[in-house]
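Trainee: Got a minute to go through this one with me? I'd like to start with the side chains.
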Amino acid sequence: MSEDAETTSATDAEPRFGAARIAVLVVLGLIAAWFVYDGIGSLVNLPQLFTELGLEAEIPWVALWLGAVQAPVIFAAAALIGARQPVARYALVLIAALAVIAAARLSLIAAATGVITVLPA
């Protein structure tokens, strides 16, 4: 029985930041970086477009700022939450974070363009 205990403790002591974990973080981080790039691009370019169209008062600043900030915040939180998990679970946590980022981004786009409306009861 003592051999089983020693084997179990040896497998529990495996490094938490191996090459597989770093590869997962980099690959999924690149996808999250695209969301950051898109959010910052919208934050920079949409106000110029709205100004050229004469719609300065209609710029959705809150949605633009949330779109630029949400991806790194959600991805960093997921990376911290999943840090103590095995690599497969860590990957799943980061994939779920990417799904949350995409859903939140689409919701912000819908809210900013007026697609989401409240219907009278």
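Mentor: Sure, one term up front: buried means under 20% relative accessible area, exposed over 50%, and partly exposed in between (1.4 Å probe, protein chains only). This is a predicted model, where local features need pLDDT of at least 70, side-chain atom pairs count only at pLDDT 80 or more, and totals for chains, interfaces and linings use all residues. Residues are numbered from 1 along each chain as its sequence is written, and side-chain values use heavy atoms, with hydrogens and water left out.

Trainee: OK, so is tryptophan 34 buried or exposed?
Mentor: Tryptophan 34 is partly exposed, since its relative accessible area is 49%.

Trainee: And phenylalanine 35, buried or exposed?
Mentor: Phenylalanine 35 is buried, at 12% relative accessible area.

Trainee: How many aromatic pairs turn up in the whole structure?
Mentor: The search finds 1. The ring centres of tryptophan 34 and phenylalanine 35 are 5.1 Å apart with planes at 75°, so they pair edge-to-face. Rings of Phe, Tyr and Trp (its six-membered ring) pair if their centres lie within 6.5 Å; planes under 30 degrees apart are stacked, over 60 edge-to-face, the rest tilted.

Trainee: Switching topic: where does arginine 21 lie?
Mentor: Over the face of tyrosine 90, 4.5 Å from the ring centre. That call needs NZ of Lys or CZ of Arg within 6 Å of the ring centre and within 35 degrees of the ring normal.

Trainee: What about burial overall, how much of the chain counts as buried?
Mentor: Of its 121 residues, 26% do.
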